[in-house]
Amino acid sequence: MKSTRLLLLSGLLLALPAIASAQSPLSAIDWLSDSIRQPETVLPQPVPDQEPTGALPGPVTVQPIEGPRPDAVGLLPLSVTGLPADLWQGSSTSSVAARFRSEKANLIPATQDLYYLLLLAELDPPSDASAKPDLLLARVDALLALGAVEQAGALIERAGSNDPEVFRRKFDIALLLQDIDPVCAQMRSSPSISPTFTARVYCLARGGDWSGAALSLETGRALGFVSDAEDQLLAHFLDLGLDEDTPPLPLPERPTPLEFRIYEAIGRPLPTSGLPLAFAHSDLHSFSGWKAQISAAERLVKHGALDPNRLWGLYTEQKPAASGGVWERAKSIQGLDASLLSFDPAYLGPSVLQAWEDMSAIELEVPFSRTYCARLIGRHLTGDAAHVRFVMCMLAGTTPDQLTRPASLGRVEELALAITTGDLANAKPVNAFERAIVAGFAANRIPTRLQSLVQDGRKGEAALRSIDLLSGGATGDLDELTDALAFLRLSSFTETARRAVIELLFLERRG
């Protein structure tokens with residue numbers, strides 16, 4: 001054992017210059033695990049008669065990427081999206097990637113859906129695209145920022161890229177979704193992936209090779225490739241000679257997914273409430289408490305990262321154990337479901353109002369409406385409940401001829417109908433915000449601030465820019481609001497513009 005260890009250490013010392021020159025991969029996301037290294041030269045092969053051990057990082061080789069360029073990959077084909085295949089053709093890869101990596105704040109559901117469409121669409125890449133997956137990485141990072149971990153993972157699987165930076169994200173996605181073992185196996189078997197010592201220790205231990213994991217940690221420590229903080233964390237993980245006097249580990253302020261899982265493994269799970277949204281997926285599993293599962297699902301559904309049916313199922317899974325917050329929302333959804341089965345109008349109306357109030361409090365009106373509008377059509381509702389149903393069905397995208405109208409329409413309801421049906425002559429705005437919306441729908445040319453992008457063939461960038469403009473308009477910049485709506489309506493995104501008007505008028509997403 002001692003001679004094997006000496007051979008191992010001597011081999012790694014020969015590789016020291018190459019490893020030391022490696023730079024940590026850069027990313028717009030600051031919480032990715034440092035799971036791989038990218039040495040500039042090939043690491044030495046093990047001595048031929050040496051017994052293989054899990055502590056030695058494998059050699060790095062360079063292989064050409066075959067098949068389609070990764071930047072062209074998408075989950076939604078043209079037949080589904082209806083987008084032109086050349087949406088990115090006039091743009092450079094770097095400019096599109098930069099727009100995807102810019103923070104998207106205050107997205108209303110209509111522009112959120114458009115953003116996902118552009119992220120997941122299968123489109124021709126920019127004309128300067130190469131085998132390097134720059135645009136793919138930007139899209140994956142944008143999805144991870146939204147908490148759309150499963151979608152990001154599916155995009156990576158579709159791409160099939162062997163780029164180390166792509167694998168780095170694949171590794172973290174597997175950690176977040178608690179499906180790490182296949183990725184650890186790939187890390188061990190793929191010569192093109194050179195894991196850091198921390199990642200190697202974790203994967204070896206996950207595979208049951210605790211002695212190899214301990215040897216890897218010792219080697220990394222001896223070579224100076226494991227920081228003091230990593231050394232302490234991994235020593236706790238491997239339970240290496242710790243005693244009762246060992247001080248507890250400090251809690252990290254910004255844990256990576258790998259650190260998050262290691263803290264969980266040593267019995268000190270970290271709360272996800274203050275972490276990036278992607279970590280919320282960890283609370284969706286059955287071993288998490290019911291309240292934690294609901295809270296995580298609510299956060300993810302709000303950002304379009306989770307199928308809302310998952311949330312409705314969680315709401316009705318058990319009987320609420322307390323009152324307030326999550327429990328009240330579970331009660332109201334359960335009450336609405338019961339009232340829909342009872343066919344008692346006296347019970348249904350109050351249940352609709354309560355559920356609407358509770359969903360509005362956490363900004364889930366649109367997914368709620370898309371689920372429950374169809375179930376409310378044809379049911380006898382009066383007063384406020386009838387108006388709520390009308391708004392819900394408008395938010396759900398019901399066509400005007402199919403809407404069940406209340407006895408009389410309110411002013412904002414009439415305005416929304418007039419604008420979205422194109423009856424601008426009867427649109428009667430009463431304030432600057434409403435006038436800005438009407439102006440957007442009355443415009444007959446692309447706004448000046450977006451003309452150059454469109455004229456240069458950078459139509460996709462113009463669409464991404466309009467999303468930012470609409471967010472700015474929703475929080476007070478009325479010129480941006482008018483320009484965003486005008487562009488969307490005149491550029492084959494009319495449905496997005498129509499939905500945006502309805503949401504802005506009814507959902508009070510202004511500031």
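With the whole chain in view, begin with its secondary structure: this predicted model holds 25 helices and two strands. Of its 511 residues, 51% count as buried, and the accessible surface comes to about 22,700 Å², with 52% of that area belonging to carbon and sulfur atoms. Among the contacts with a sequence separation of 6 or more, 65% join residues that are 24 or more positions apart.

**The core and phenylalanine 171**

Select Phe100, Phe171 and Phe368 next, since within the largest nonpolar core, a set of 153 residues, these three touch the most other members. In soluble globular proteins, nonpolar side chains tend to be buried together. Centre the view on phenylalanine 171 and display what surrounds it: leaving out residues up to four places away in sequence, phenylalanine 171 touches Ser33, Ser35, Ile180, Val183, Met187, Ala199, Cys203 and Leu258.

**Helix 7 and its end**

Move to helix 7, residues 149–159, and colour its buried residues, which are Val149, Gln151, Ala152, Gly153, Leu155, Ile156 and Ala159. To see what covers them, add helix 5 (109–120), helix 6 (134–146) and helix 8 (164–176), which are included in that cover. Then step past the end of helix 7 to glycine 160, where phi is positive, near 65 degrees.

**Glutamine 178, between helices 8 and 9**

Follow the chain to the loop between helix 8 and helix 9 (181–189), where glutamine 178 has its place. Although glutamine 178 is not a glycine, its phi is positive, at about 60 degrees. Is this residue buried or partly exposed? Glutamine 178 counts as partly exposed, because its relative accessibility of 28% lies between the limits of 20% and 50%.

**Helices 12 and 13**

Now select helix 12, residues 228–238, in which Asp231, Leu233, Leu234, Ala235, Phe237 and Leu238 are buried. The cover over these residues includes helix 10 (197–206), helix 11 (210–223) and helix 13 (257–265). Directly after helix 12 comes aspartate 239, whose phi is positive, near 55 degrees.

Helix 13 can be shown in the same view, with its buried residues Pro257, Leu258, Phe260, Arg261, Ile262 and Tyr263. What covers them includes helix 8, helix 10 and helix 12, and Leu258 has already appeared among the contacts of phenylalanine 171. Beyond helix 13, stop at glycine 267, which follows the helix and has a positive phi, near 85 degrees.

**Glutamate 298 in helix 14**

Which residues surround glutamate 298? Select this residue in helix 14, residues 290–302, and, setting aside residues up to four places away in sequence, its contacts are Leu311, Tyr315, Val326, Arg329, Ile362 and Leu364. Glutamate 298 is classed as buried because its relative accessible area, 8%, falls under 20%. Draw the distance between its side chain and that of tyrosine 315, where the two make a polar contact of 2.5 Å.

**Phenylalanine 343, between helices 16 and 17**

The next stop is the loop between helix 16 (326–342) and helix 17 (345–361), in which phenylalanine 343 lies. Phenylalanine 343 is another residue that is not a glycine and yet has a positive phi, here of about 60 degrees. Its relative accessibility is 61%, which is over 50%, and phenylalanine 343 therefore counts as exposed.

**Helices 22 to 24**

Finish with helix 22 (residues 448–455) and helix 24 (residues 478–490), which pack with their axes 10 Å apart and at an angle of about 35 degrees. On helix 22 the contact is made by Arg449, Leu450 and Val454, and on helix 24 by Asp479, Glu480, Asp483 and Phe487. Sorted by class, this contact has three nonpolar and four charged residues, and no polar ones.

Keep helix 22 on screen and add arginine 465, which is found in helix 23 (residues 459–474). Apart from neighbours within four places in sequence, arginine 465 is in contact with Arg99, Arg449, Leu450 and Leu453; of these, Arg449 and Leu450 also take part in the contact between helix 22 and helix 24. Between arginine 465 and leucine 450 the C-alpha to C-alpha distance is 8.0 Å, with a separation of 15 residues in sequence. Arginine 465 is partly exposed, because its relative accessible area of 26% lies between 20% and 50%.

Terms used. Residues numbered from 1 in each chain as written. Predicted model: local features only at pLDDT ≥ 70, side-chain atom pairs only at ≥ 80, totals over all residues. Heavy atoms only, no water. Helix = DSSP H or I, 4+ residues; strand = E, 2+ residues; numbered from the N terminus. Buried < 20%, exposed > 50% of the residue type's maximum accessible area, 1.4 Å probe, protein only. Contact = heavy atoms within 4.5 Å. Axes fitted to C-alpha atoms, helices over the stretch in contact; angles between N-to-C directions. Nonpolar A, V, L, I, M, F, W, Y, C, P; charged D, E, K, R; others polar. Areas by Shrake-Rupley, 256 points an atom, 1.4 Å probe, with all protein chains shown as cover. Polar contact = N/O pair within 3.5 Å; in protein donor to acceptor, adjacent residues only side chain to side chain. Core = buried A, V, L, I, M, F, W, Y, C linked by side-chain atoms within 4.5 Å.
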